[in-house]
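This report describes a single protein model for a reader who has not seen it before. It starts with one residue and its contacts, then turns to the core, the loops and the surface.

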Amino acid sequence: MCTASIFEARNNLSEYVKMAEKGEPVELTRYNKPVAVIISYEEYEETKPEKSSLLETLQKIKEEYADVLDDEGIPLPPKVYLDPNRKIFED
């Protein structure tokens with residue numbers, strides 16, 4: 001792995017990008033402390049997390065909270081309207 005200061009990288013960016021394209025990561029430092037890495041796009045794609053769809057996310061939540069949710073979903077208390085003879089849910 002090649003190491004360069006941000007100042008050097010600013011002056012020689014195309015050289016460091018070419019190195020990264022060839023597969024050699026370039027570590028950028030500020031005051032001799034690593035702060036960033038230049039890698040090839042292919043390597044970035046390999047490490048990038050997959051985005052899941054909304055349905056997959058909801059399925060994961062359902063599995064994670066299976067002990068709280070039953071087959072009917074979230075239990076709702078009966079809702080009572082101003083008319084005492086009318087209820088949405090019957091027992």
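In this predicted model, L28 touches A4, I6, A9, K33, P34, V35, A36 and I38, leaving out residues up to four places away in sequence. Three of these partners, A4, A9 and I38, belong together with L28 to the largest nonpolar core.

**The core**

That core has nine residues: C2, A4, A9, Y16, M19, A20, V26, L28 and I38. At least two residues of the core come from each of β1 (2-5), α2 (13-21) and β2. The largest share, three residues, is supplied by α2. As a general matter, nonpolar side chains tend to be buried together in soluble globular proteins.

**Two buried residues**

T29 is placed in strand β2, which covers residues 26-30. Is T29 buried or exposed? T29 has a relative accessible area of 9%, which is under the 20% limit, so T29 counts as buried. Apart from neighbours within four places in sequence, T29 is in contact with T3, A4, S5, I6, P34 and V35. A4, I6, P34 and V35 also appear among the residues that L28 touches.

S40 is found in the loop between β3 (33-38) and α3 (41-47). With a relative accessible area of 8%, S40 is buried because this value is under 20%. Where sequence neighbours up to four places away are not counted, S40 touches A20 and E21. A20 is one of the core residues. A polar atom of the S40 side chain lies 3.2 Å from the backbone nitrogen of E43.

**The loop between β2 and β3**

Y31 is located in the loop between β2 and β3, and N32 has its place in that loop too. Most residues other than glycine have a negative phi. Phi of Y31, however, is positive, near 55 degrees. N32 is not a glycine either, and its phi is positive at about 65 degrees. Y31 is exposed because its relative accessible area of 75% is over 50%. The value for N32 is 74%, so N32 is exposed as well.

**Accessibility of selected residues**

The table gathers values for residues named in this report.

| Residue | Relative accessible area | Class |
|---|---|---|
| T29 | 9% | buried |
| S40 | 8% | buried |
| Y31 | 75% | exposed |
| N32 | 74% | exposed |
| E45 | 33% | partly exposed |
| K48 | 36% | partly exposed |
| L54 | 63% | exposed |

**Salt bridge and surface patch**

How many salt bridges does the structure hold? The structure holds one. It joins the side chains of E45 and K48, with 3.2 Å from N to O. Side chains of opposite charge can pair when their charged atoms come close. E45, at 33%, is partly exposed because this value falls between 20% and 50%. K48 is partly exposed too, with a relative accessible area of 36%.

Which residues make the nonpolar surface patch of about 640 Å²? The patch is made by L54, L55, L58, I61, Y65 and V68. L54 belongs to helix α4, which spans residues 54-64. At 63% relative accessibility, L54 is over the 50% limit and therefore counts as exposed.

Note on methods. Residues are numbered from 1 along each chain as its sequence is written. This is a predicted model: local features need pLDDT of at least 70, side-chain atom pairs count only at pLDDT 80 or more; totals for chains, interfaces and linings use all residues. Side-chain values use heavy atoms; hydrogens and water are left out. Helices (H or I, at least four residues) and strands (E, at least two) are DSSP runs, numbered from the N terminus. Buried means under 20% relative accessible area, exposed over 50%, partly exposed in between (1.4 Å probe, protein chains only). Contact means heavy atoms within 4.5 Å. A polar contact is a pair of N or O atoms within 3.5 Å; within protein, one must be able to donate a hydrogen and the other to accept it, and residues adjacent in sequence count only if both atoms are side-chain atoms. A salt bridge is a side-chain nitrogen of Lys or Arg within 4 Å of a carboxyl oxygen of Asp or Glu. Patches are made of residues with over 30% relative accessible area and no salt bridge: like charges are joined within 9 Å, nonpolar side chains (Val, Leu, Ile, Met, Phe, Trp, Tyr) within 5 Å. Accessible areas come from the Shrake-Rupley method with a 1.4 Å probe; for residues, only the protein chains shown count as cover. A nonpolar core is a set of buried Ala, Val, Leu, Ile, Met, Phe, Trp, Tyr and Cys residues joined through side-chain atoms within 4.5 Å.
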